[in-house]
Amino acid sequence: MKRCMALTGVVIRELYRRKDFYVLFVLTALITLLLASIQFFEDLRMVRYLREVTLLLIWISALVIAVVTAARQIPAERESRTIFPLLAKPVSRGEVVMGKFLGVWLATGLALAVFYGFYLLVGTFQGAPSSWLLGFQAFWLHWMMLAVVVSMAILGSLLFSAPSVNSTLCFIVVTGILLLAGHLNIIAGSMPGLWGALLYGLYFALPHLELFDVRDLLIHEHPPVAWGAFAVAGLYAAVYTTLFLIAAWWLFRKKPLST
Amino acid sequence: MVAISQKAFIDVNGRTIFLTGATLLTVAVSLAAWLEPRSETWRGGRARAEGLLATLLGDGRRLFANHFFVKADVYLHSGYYPSIFDQARQACDHGIGSNPEHTESEIAADTGSCKSGCEHHDHEASHESGFLGPPRDWIDRLGRHFRVTQHTHLEDGVSESEILPWLRVAMELDPHQVEVYTTAAYWLGRRLGKVNQAEAVLRRGLRSNPDSEEILLELGRLAWEHRRDAERARHLWNAAERVWQRKYLSVNATNRVTLARMLALRAQMEETLGHTEEAIRYWSRLQEVSPHPEAVARRVAALRSHLPQTPWPADAKSIGQGPGPSLPSL
């Protein structure tokens with residue numbers, strides 16, 4: 001565990017040395033503040049559109065940070081050949097995978113906390129503060145969703161040679177899941193025969209990342225999520241994260257490092 | 001000596017750079033002046049675009065206009081809204097064919113452009129019964145904890161303004177979508193009490209759509225209902241009728257609604273002003289196009305026989321809200 005945490009610390013330091021987070025945060029803040037300064041029909045009471053745009057930017061930024069950071073971890077170590085001295089130490093490959101995952105996940109969590117803090121602050125300054133409880137739930141669910149995405153990207157980094165290919169595929173898969181996965185059962189229901197069954201199978205096999213998206217509840221000021229469902233969602237994310245990490249460890253264990 | 005030669009070199013070099021720069025600038029300005037008028041032919045509509053969106057997206061921006069119009073409706077329902085998949089399933093379950101007018105009228109009714117004053121939402125029943133239906137599986141059941149499943153409306157007289165940014169974006173994206181202007185004017189004028197803003201929106205719509213009888217009709221309604229300016233309302237409704245007659249040669253199920261609303265509003269105004277003859281004339285005309293002529297006939301008969309009529313309330317907004325025989329909504 002100590003060795004894992006050492007690896008984790010390296011990844012976190014890497015994130016705050018790189019400019020990705022700063023650029024995305026400044027962009028999000030600029031767009032949000034610019035939108036906040038716009039008056040529609042001389043009315044200052046409109047805040048929901050601002051919440052919607054800010055949350056969308058937060059989701060995009062967090063996804064970019066998570067995928068790009070996770071996708072380059074192991075390939076960068078291999079490319080710079082630092083993987084050899086790393087594995088020469090008493091560190092197992094499983095610990096490397098776990099350390100990398102924890103590092104990226106925690107670093108993404110820190111970035112996400114800053115983003116959500118900004119979101120809540122803007123709401124407060126606009127005179128329409130969001131529910132802090134629901135804000136916390138939104139942050140936590142988002143972070144749990146990112147755990148699945150990060151583990152998926154780490155698995156992808158062992159399957160695909162180039163981080164760019166991995167990142168692109170991860171973006172496509174995550175966006176596809178967010179937009180369509182929740183509706184696959186409806187589509188499967190309207191398709192008879194084998195295709196319908198296959199689609200239903202896919203529906204149950206895919207990680208339903210859209211479950212973790214409570215932006216509509218935040219935007220439209222609905223009550224917080226029931227704690228039971230909140231806990232089940234956390235468990236659901238943990239199961240998929242574990243599955244992806246086990247697959248990544250299994251692949252990494254078998255993978256020759258010389259190529 | 002070395003310093004002097006270096007200075008001379010810098011001077012010569014500086015002059016050369018300056019002259020080269022000036023030449024390049026002159027060439028650039030000349031090229032720009034030569035290219036600019038020619039570029040209008042290959043840039044098409046974008047050359048005359050007025051806004052950033054129009055310049056960036058060209059006419060393609062109209063594709064997104066309806067999305068933002070629907071977004072306003074989503075906001076009105078506080079996020080409780082069927083996805084395209086839910087709509088398709090509903091259509092399948094209820095055997096509804098793919099009728100685009102159905103959706104459009106639903107949107108219009110929801111966002112308040114039901115101009116006959118019917119604030120009742122046509123598709124309320126289907127919403128209330130729940131488009132979600134029973135959960136289909138455990139993922140669906142779990143997922144409902146994280147999405148909007150309560151049907152609430154923005155209706156406190158303040159929060160309705162939340163829909164307006166999306167209507168404004170829709171206007172920018174497609175300036176020729178008349179429904180967006182009339183809907184925005186409805187919410188601004190009648191629900192939020194911003195009559196000047198409502199009129200500004202309609203005027204803006206009229207500039208982009210000078211042949212829109214709907215916008216003229218709404219401007220007339222605004223003039224009468226909010227400003228009590230009967231003369232201006234008359235002019236606007238006359239103009240609306242002229243446009244209507246120019247556009248449509250005969251009355252059909254689609255265009256009848258607008259004409260009927262024009263006539264009803266006019267008749268109602270004349271009646272309120274005590275111009276009984278004029279009111280009878282417009283009610284009689286309405287009788288010819290109304291889907292429920294018998295109700296209109298009763299009103300005409302009541303006026304003709306000089307039955308004592310209670311004056312209509314000053315803020316009577318629509319047909320059927322005043323005293324006397326109630327008229328069906330058009």
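## A walk through chains A and B

Start by selecting A:Val91: apart from neighbours within four places in sequence, its contacts are A:Arg3, A:Leu86 and A:Val96. You are in a loop here, the one that links helix H4 (83-88) to helix H5 (93-125) of chain A. A:Val91 counts as partly exposed, because 15 C-beta neighbours fall inside 10 Å. Now add A:Leu7 to the selection. The two residues are 84 apart in sequence, yet A:Val91 and A:Leu7 are 9.8 Å apart in space, C-alpha to C-alpha.

Before going on, please keep in mind that this is a predicted model. For the complex, the predictor gives an ipTM of 0.85 and a pTM of 0.78.

**Where the chains meet**

Next, show both chains and turn to the place where they touch. How many residues does the contact take from each chain? Chain A gives 27 residues and chain B gives 28 residues. On the chain A side, the elements that supply two or more residues are helix H3 (48-79), helix H8 (184-189), helix H10 (215-219) and helix H11 (227-254) of chain A. Colour that side by residue class and you should find 14 nonpolar, seven polar and six charged residues.

**Chain B as a whole**

Now hide chain A and look at chain B alone. A cartoon view shows 15 helices and zero strands. Of the 330 residues in chain B, 31% are buried. Among contacts in chain B with a separation of 6 or more, 54% are between residues 24 or more positions apart.

Colour chain B by pLDDT next. The mean is 77, and 74% of the residues in chain B reach 70 or more. Two stretches deserve a stop. Over residues 97-128 of chain B, pLDDT stays under 50, and the model has 49 contacts beyond four places in sequence for this stretch. Residues 312-330 of chain B also have pLDDT below 50, with 42 contacts in the model beyond near neighbours in sequence. Where pLDDT is low, the predicted coordinates should not be read in detail.

**First helix pair: H3 and H8 of chain B**

Select residues 62-76 and 164-173 of chain B, which are helix H3 and helix H8. Their axes come within 8 Å and cross at roughly 165°. Angles over 145 degrees count as roughly antiparallel, and H3(B) and H8(B) are therefore roughly antiparallel to each other. The crossing of H3(B) and H8(B) is left-handed.

Show the side chains at this contact. From H3(B), pick B:Arg62, B:Phe64, B:Ala65, B:Phe68, B:Phe69, B:Lys71, B:Ala72 and B:Tyr75; from H8(B), pick B:Trp166, B:Leu167, B:Val169, B:Ala170 and B:Leu173. By class, this contact of H3(B) with H8(B) has 11 nonpolar, no polar and two charged residues.

Then follow the chain from H3 into the loop that leads to helix H4 (84-94) of chain B, where B:Ser78 sits. Is B:Ser78 buried or exposed? B:Ser78 is buried, because 22 other C-beta atoms lie within 10 Å. Check its backbone too: phi of B:Ser78 is near 50°, a positive value in a residue other than glycine.

**Second helix pair: H11 and H12 of chain B**

Move on to helix H11 (residues 213-225) and helix H12 (residues 230-247) of chain B, whose axes are 8 Å apart at an angle of about 165°. H11(B) and H12(B) are therefore roughly antiparallel to each other, and their crossing is left-handed. Among the residues making the contact are B:Leu216, B:Leu217 and B:Trp224 of H11(B), and B:Leu236, B:Trp237 and B:Trp244 of H12(B). The contact of H11(B) with H12(B) comprises 13 nonpolar, one polar and two charged residues.

The loop between H11 and H12 of chain B holds B:Arg228. Phi of B:Arg228 is near 55°, a positive value in a residue other than glycine. B:Arg228 counts as partly exposed, because 13 C-beta neighbours fall inside 10 Å.

**Last stop: B:Val201**

Finish in helix H10 (residues 195-208) of chain B by selecting B:Val201. B:Val201 is buried, because 28 other C-beta atoms lie within 10 Å. Leaving aside neighbours within four places in sequence, the contacts of B:Val201 are B:Tyr181, B:Ala184, B:Ala185 and B:Leu188. For one more distance, pick B:Arg261: B:Val201 and B:Arg261 are 60 residues apart in sequence and 21 Å apart in space, C-alpha to C-alpha.

Methods. Residues numbered from 1 in each chain as written. Chains lettered and ligands numbered in written order. Predicted model: local features only at pLDDT ≥ 70, side-chain atom pairs only at ≥ 80, totals over all residues. Helix = DSSP H or I, 4+ residues; strand = E, 2+ residues; numbered from the N terminus. Buried ≥ 20, exposed ≤ 12 C-beta atoms within 10 Å, placed from the backbone. Contact = placed C-beta atoms within 7 Å. Nonpolar A, V, L, I, M, F, W, Y, C, P; charged D, E, K, R; others polar. Axes fitted to C-alpha atoms, helices over the stretch in contact; angles between N-to-C directions. Parallel < 35°, antiparallel > 145°, perpendicular 65-115°, else oblique. Left-handed = near helix turned anticlockwise from the far one by under 90°. pLDDT = per-residue confidence, 0-100.
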